[in-house]
Amino acid sequence: MDLVNHLNDRLLFAIPKKGRLYDKCVSILKGSDIKFHRSQRLDIALSTNLPVALIFLPAADIPMFVGEGKCDLGITGVDQVREADMDVELPIDLQFGNCKLQVQVPANGGYTDPRQLIGKTIVSSFTNLTTKYFAELEGTTEDKIATKIRYVGGSVEASCALGIADAIVDLVESGETMRAAGLTDIATVLETSAYLIESKHPKSDPELIATIKSRIEGVMTAQQYVCCNYNAQTKDLDKLLPITPGRRAPTISHIDDEGWVAVSSMIERSKKGAIMDELKKKGAADIMVFEISNCRV
Ligand SMILES: Nc1ncnc2c1ncn2[C@@H]1O[C@H](COP(=O)(O)OP(=O)(O)OP(=O)(O)O)[C@@H](O)[C@H]1O
Ligand SMILES: O=P(O)(O)OC[C@H]1O[C@H](OP(=O)(O)OP(=O)(O)O)[C@H](O)[C@@H]1O
């Protein structure tokens, strides 16, 4: 099929084609019920249930495609949006791809403050953000900085050992890559996570854009909450309901057991263990926690 000619009238949604963000993006699309089949090596996939085409692009190029209005929606890291200096909306923090862009120096090299690096050579894949950072540090404009900023596309952490850099500016999550290269961090340029990004001048049907955003918000909420059900004696409700207030209010249903009710409520996933302990202590019975696969709240 000539995919390009099937793109008219479809909302173009840019997704990282590989790398750190890819799997999570696919799982968000799945959770949002945006169905598609991506043929091997093809970077365009038409959704089979919505007028949407997924365009698989390098994470670094997505801000430009969305910023220039070629794609209405995209997913990429905030680091990439700031590096590309593109003016896009950032409607949803997707809460993955969390890491920091940091200034890293040889652990045994004696640098402890980024000001000591003024006039030295810094290697990064994020040359725009690095230039801005050092221009600010030097109190000058970007075209006048004394620090030399050089670009490499990957394996940035090898630059100091290879003698091409005094320091690097690169992403750090666990710190394993940094430590393995004998480096240590001395400053943070930016904290980042993956976002849904949106063109400031979208071309597609606003209702379709709103539907996709609401579905993705639903996936985010479903990840954050679980559903907690338990049985309780009505006399204990005063103590139990404050533990499970729900997002709006808990649902209380009558059950075929005199003096008992069933309670159902959304609770924060991260607190579920403590909440179940507390419910049990205060007299709740038959406490169960269920996954929410998607929701609209
Ligand atoms: N270690 C990490 N932990 C969390 N998120 C990361 C990490 N590394 C990168 N990211 C996020 O993922 C984005 C894409 O990085 P990734 O390294 O996957 O790039 P890529 O486009 O696949 O390029 P390449 O694989 O060629 O380096 C980054 O801009 C950042 O937002
Ligand atoms: O702090 P850590 O958990 O070790 O993660 C940091 C590493 O992750 C990213 O690289 P990635 O592995 O995606 O590959 P790349 O070097 O090819 O960009 C980043 O550029 C660091 O090298």
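Good morning. I begin with helix α3, which gives the lining of the largest pocket its largest share, four residues. The model under discussion is a predicted one, and I shall describe its largest pocket, then the two ligands, and finally the domains.

What is the volume of that pocket? The space in the largest pocket amounts to about 1300 Å³. Its lining is made up of 42 residues, and those nearest the centre are R20, D79, Q80, F126 and L171. Helix α3 spans residues 78-84, and it is one of several elements that each supply at least two lining residues; the others include β4 at 73-77, β6 at 99-106, β9 at 167-172 and α5 at 176-180. In chemical character, the lining divides into 16 nonpolar, 16 polar and ten charged residues.

Which domains contribute to the lining? Domain 1, comprising 3-95 + 194-204, and domain 2, comprising 99-192, each give at least three residues to the lining of the largest pocket.

I turn now to ligand 1. Thirteen residues surround ligand 1, and K18, R20, D79, Q80 and E173 are the closest. Of these names, R20, D79 and Q80 also appear among the residues nearest the centre of the largest pocket. Three polar contacts deserve mention. A polar backbone atom of R20 lies 2.7 Å from an oxygen atom of ligand 1. The side chain of D79 places an N or O atom 2.6 Å from an oxygen atom of ligand 1. For E173, a polar side-chain atom is 3.3 Å from a nitrogen atom of ligand 1.

Next, ligand 2. Which residues surround ligand 2? They are R20, S155 and E157, together with D170, L171, V172, E173, S174, G175, E176 and T177. R20 takes part here through its side chain, where an N or O atom is 2.8 Å from an oxygen atom of ligand 2; with ligand 1, by contrast, the R20 contact just described involves a polar backbone atom. S174 brings a polar side-chain atom to 2.6 Å from an oxygen atom of ligand 2. At G175, a polar backbone atom lies 2.8 Å from an oxygen atom of ligand 2.

Finally, the domains. Besides domain 1 and domain 2, the domain assignment gives domain 3, at residues 225-290. How far apart are the centres of domain 2 and domain 3? Taken over C-alpha atoms, these centres are separated by 51 Å.

The UniProt record, an unreviewed entry, adds two annotations. It places "domain: ATP phosphoribosyltransferase catalytic" at residues 59-218. That span is 27% helix and 29% strand, and its end C-alpha atoms lie 24 Å apart. The entry also annotates residues 222-294 as "domain: Histidine biosynthesis HisG C-terminal". In residues 222-294, helix accounts for 23% and strand for 38%, with the end C-alpha atoms 5 Å apart.

Thank you for your attention.

Notes. Residues are numbered from 1 along each chain as its sequence is written. Chains are lettered from A and ligands numbered from 1 in the order in which they are written. This is a predicted model: local features need pLDDT of at least 70, side-chain atom pairs count only at pLDDT 80 or more; totals for chains, interfaces and linings use all residues. Side-chain values use heavy atoms; hydrogens and water are left out. On a 1 Å grid over the protein atoms alone, a cavity is a set of points where a 1.4 Å probe fits but cannot get out, and a pocket is an open set with protein on both sides within 12 Å along at least five of seven lines; lining residues have an atom within 4 Å of a point. Grid points are joined across faces, edges and corners, and a volume is the space filled by probe spheres set on the points. Ala, Val, Leu, Ile, Met, Phe, Trp, Tyr, Cys and Pro count as nonpolar, Asp, Glu, Lys and Arg as charged, and the others, Gly among them, as polar. Domain bounds come from an automatic or database domain assignment. UniProt positions are given in the numbering used here, feature names are shortened, and annotations may be inferred rather than shown by experiment. A residue is near a molecule or strand if one of its heavy atoms lies within 4 Å of it. A polar contact is a pair of N or O atoms within 3.5 Å; within protein, one must be able to donate a hydrogen and the other to accept it, and residues adjacent in sequence count only if both atoms are side-chain atoms.
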